[in-house]
Amino acid sequence: MGAQWKAKGKELAANAKGKVFGKLAKEIMVAARSGADPALNARLRLVVEQARKVSMPKDTLERAIKKGAGLTGEAVHFEHVIYEGFAPHRVPVMVECLTDNLNRTAPEMRVLFRKGQLGTSGSVAWDFDHVGMIEAEPAAAGADPELAAIEAGAQDFEAGEEEGTTLFLSDATDLDIVSRALPAQGFTVLSAKLGYKPKNPVDPGSLSAAELEEVEAFLAAIDANDDVQTIYAGLGTSLPINSI
């Protein structure tokens, strides 16, 4: 759908998995500030479920929870910051970061955006909807995503990133409610998080192959930054968007 850009390259799977664990560990530590018990902390529960789906080692998961909740005596402080702007050829981009040092992250983002255009707060956000994104797969053949979306309270649904999956979209405030309701409607939740869906994505057909390569290279360079959690690019679905 062009909402969340994911780097290409299956040959990088091993390194990418380590990076995914690192990103999830940060999310877990931030969520655990509100309590170390996933049963009492909806945000933490969703991230923990996502970590288990990608087979994060149990000790890594538990260490991140304890560290974030302040149970290890270590001071942990990550700031959530969003950078807005444009990739080459005016493709709108929102970059979510979790950083422990804004004095490092900010200049790095300015350098990375030199091949595009770094905007001010709100300069691009107006062109995205802030929504809940729940990726799920049918638990049994014949599960109807349209009926499931209606019954679970989702606002919309569309084909997911991976074949056979469905992406259910909800109001940002309904993310946990919809995630909890989908299993009863025949769908197994693979991941659930808040994200940004472009309202007016750029049609890849309006760009040449060389121009698309420039956009991909720009996004890949940003994704390689350790402080970057997620990139949302306003680009239509005809551009190949593959899992890391």
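# Exercises on Two Sheets and Their Helices

Strand 4 (residues 128-138) pairs with strand 7 in the antiparallel sense, over 11 bridges. Here helices (H or I, at least four residues) and strands (E, at least two) are DSSP runs numbered from the N terminus, and two strands pair if DSSP finds at least two bridges between them. The model is predicted: local features need pLDDT of at least 70, side-chain atom pairs count only at pLDDT 80 or more, and totals for chains, interfaces and linings use all residues. Residues are numbered from 1 along each chain as its sequence is written, and side-chain values use heavy atoms, with hydrogens and water left out.

## Exercise 1

**Task.** Determine the strand order of the open sheet with strands 4, 5, 6 and 7, and identify its edge strands.

**Solution.**

Step 1. This open sheet has four strands in the order 5-6-4-7, and their pairing is antiparallel.

Step 2. Strand 5 (156-159) and strand 7 (187-198) are the edge strands, since each of them pairs on one side only.

Step 3. From one strand to the next, the twist averages 30 degrees. For such angles, axes are lines fitted to C-alpha atoms, for helices over the stretch in contact, and angles run from 0 to 180 degrees between N-to-C directions.

Step 4. Helix 5 (residues 145-152) packs on this sheet and touches strand 5, strand 6 (166-171) and strand 7. The direction of helix 5 makes about 25 degrees with that of strand 6. Touching is contact, that is, heavy atoms within 4.5 Å.

Step 5. Individual residues illustrate the pairing of strand 4. Ile 134 has Ala 192 in strand 7 as its bridge partner. Strand 4 is also joined to strand 6 by six bridges, and the two run antiparallel; in strand 6, Thr 166 is the bridge partner of Ala 136.

## Exercise 2

**Task.** Describe the open sheet that contains strand 1, and state which strands stand at its edges.

**Solution.**

Step 1. The order of these four strands is 3-1-2-8, again with antiparallel pairing.

Step 2. The edges are strand 3 and strand 8 (228-233). Each has a single partner strand, so one side of each is left without a neighbour in the sheet.

Step 3. Helix 7 (residues 209-223) packs on the sheet, where it touches strand 1, strand 2 and strand 8. Its direction makes about 160 degrees with that of strand 8.

Step 4. Strand 1 and strand 2 are paired antiparallel over nine bridges. Glu 79 has Thr 99 in strand 2 as its bridge partner, and Phe 86 stands opposite Pro 92 in strand 2.

Step 5. Strand 1 is also joined by two bridges to strand 3 (residues 117-118), and these two run antiparallel. The partner of Phe 86 in strand 3 is Gln 117. Phe 86 therefore has a partner in strand 2 and another in strand 3, with strand 3 standing at an edge of the sheet.

## Exercise 3

**Task.** Locate residues with a positive phi in the loop between strand 1 (79-87) and strand 2 (91-99), and in the loop between helix 2 (42-53) and helix 3 (58-68).

**Solution.**

Step 1. The hairpin of strand 1 and strand 2 has three residues between the strands, and His 89 there takes a positive phi near 65 degrees.

Step 2. Arg 90 lies in this loop. Its phi is near 60 degrees, a positive value in a residue other than glycine. Arg 90 is partly exposed, with a relative accessible area of 48%; buried means under 20%, exposed over 50%, and partly exposed in between (1.4 Å probe, protein chains only).

Step 3. In the loop between helix 2 and helix 3 lies Ser 55, whose phi is near 65 degrees, also a positive value in a residue other than glycine.

## Exercise 4

**Task.** Name the buried residues of helix 3 and decide how they are arranged about its axis.

**Solution.**

Step 1. Leu 61, Ala 64, Ile 65 and Gly 68 are the buried residues of helix 3.

Step 2. Viewed down the helix axis, these residues fall within an arc of 100 degrees, so they line one face of helix 3. The arc is that of the directions from the helix axis to the C-beta atoms.

Step 3. Just after helix 3, Gly 70 takes a positive phi of about 80 degrees.
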